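Hello,

Here is the structure for your files. My notes on what was found in it follow below.

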Amino acid sequence: MGLFVAYLIAFAAGASFVFQQAVNANLRVEIGSPWWAGFVSYLGGTIIMLIAALALREPFPDLGIASRSQAMSWSGGLFGAIYIASSILLLPRLGAATVIALIVAGQMIGSLAFDHFGLFALPVHQINAPRIAGALFLVAGAVLVRY
């Protein structure tokens with residue numbers, strides 16, 4: 001896969017995120033619960049991932065691997081639930097552009113820290129002036145898009 005295609009896929013994933021948050025917020029209003037809307041979102045994603053794993057003939061994970069892996073590695077669902085619940089609750093109040101801008105700014109600041117310290121075995125990418133400037137521009141964009 002070429003770099004340009006990878007960029008397009010990442011861009012499309014970002015656009016699909018906005019769509020996901022909008023339909024989740026809409027479902028929240030329709031069923032009257034942010035928690036059930038989040039559950040439906042995760043259930044749908046779980047089913048799609050199961051279908052993909054089966055269709056691609058991925059081997060079932062060895063259940064013994066849980067004892068050999070770090071507990072934190074299994075916590076993605078917790079952070080995903082925080083992410084989805086926050087979006088469902090805030091989108092109707094702040095608007096899609098503001099919520100997404102703040103999420104992206106938060107992701108950028110967090111990503112700089114993860115890269116700088118090589119957290120969770122990520123390759124180390126030291127913080128430098130251009131990276132800080134890029135993050136500050138994203139934060140400024142998050143502030144400006146609110147108006």
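**Helix packing**

The axes of helix α4 (residues 76-94) and helix α5 approach to within 7 Å and cross at roughly 140 degrees. Axes here are lines fitted to C-alpha atoms, for helices over the stretch in contact, with angles running from 0 to 180 degrees between N-to-C directions. The helices α4 and α5 are therefore oblique to each other; angles under 35 degrees count as roughly parallel, over 145 as roughly antiparallel, 65 to 115 as roughly perpendicular and the rest as oblique. On the α4 side the contact is made by Y83, S87, L90, L91 and L94, and on the α5 side by A96, T98, V99, I103 and Q107. Contact means heavy atoms within 4.5 Å.

This is a predicted model, in which local features need pLDDT of at least 70 and side-chain atom pairs count only at pLDDT 80 or more, while totals for chains, interfaces and linings use all residues. Residues are numbered from 1 along each chain as its sequence is written, and side-chain values use heavy atoms, with hydrogens and water left out.

The second pair is α1 (residues 3-31) and α4, whose axes come within 9 Å and cross at roughly 70 degrees. That makes α1 and α4 roughly perpendicular to each other. From α1, the residues F17, Q20, Q21, A22, N24, A25 and R28 meet Y83, I84, S87, I88, L89, L91 and P92 of α4. Y83, S87 and L91 of α4 are thus listed in the contact with α5 and also in the one with α1.

**The chain overall**

The chain has six helices and zero strands, in the order α-α-α-α-α-α along the sequence. Helices (H or I, at least four residues) and strands (E, at least two) are DSSP runs, numbered from the N terminus. The C-alpha trace spans about 50 × 45 × 30 Å along its principal axes.

Of the 147 residues in the chain, 18% are buried. Buried means under 20% relative accessible area, exposed over 50%, and partly exposed in between (1.4 Å probe, protein chains only). The chain exposes about 10,700 Å², with 75% of it supplied by carbon and sulfur atoms; these areas come from the Shrake-Rupley method with a 1.4 Å probe, and for residues only the protein chains shown count as cover. Among contacts between residues at least 6 apart in sequence, 58% join residues at least 24 apart.

The chain carries 6 positive and 4 negative charges, and their mean positions are 11 Å apart. Lys and Arg count as positive and Asp and Glu as negative, leaving out His and the chain ends. Each charge is placed at NZ of Lys, CZ of Arg, CG of Asp or CD of Glu.

**Buried positions**

I100, in helix α5, is buried at 14% relative accessibility. I100 touches F17, V18 and Q21, residues up to four places away in sequence not being counted. I100 and F17 are 83 residues apart in sequence, but 8.8 Å apart in space, C-alpha to C-alpha.

S41 lies in helix α2 (residues 34-55) and is buried at 16%. Beyond four places in sequence, S41 touches Q20, N24 and I84. Q20 and N24 of α1 and I84 of α4 also appear in the α1 and α4 contact.

D115 belongs to helix α5 (residues 96-117) and has a relative accessible area of 17%, so D115 is buried. Leaving aside neighbours within four places in sequence, D115 is in contact with L122, P123, V124, H125 and R131.

**End of α5 and the loop after it**

F117 lies in α5 and is exposed at 58% relative accessibility. Its C-alpha is 35 Å from that of A37, with the two positions 80 residues apart in sequence numbering.

F120 is in the loop between α5 and α6, as is A121. Most residues other than glycine have a negative phi. F120 has a positive phi of about 55 degrees, and phi of A121 is near 65 degrees. F120 is exposed at 52%, and A121 is exposed at 75%.

N128 is in the loop between α5 and α6 (129-145) and is partly exposed, at 36% relative accessibility. N128 and H116 are 12 residues apart in sequence and 9.4 Å apart in space, C-alpha to C-alpha.

Regards
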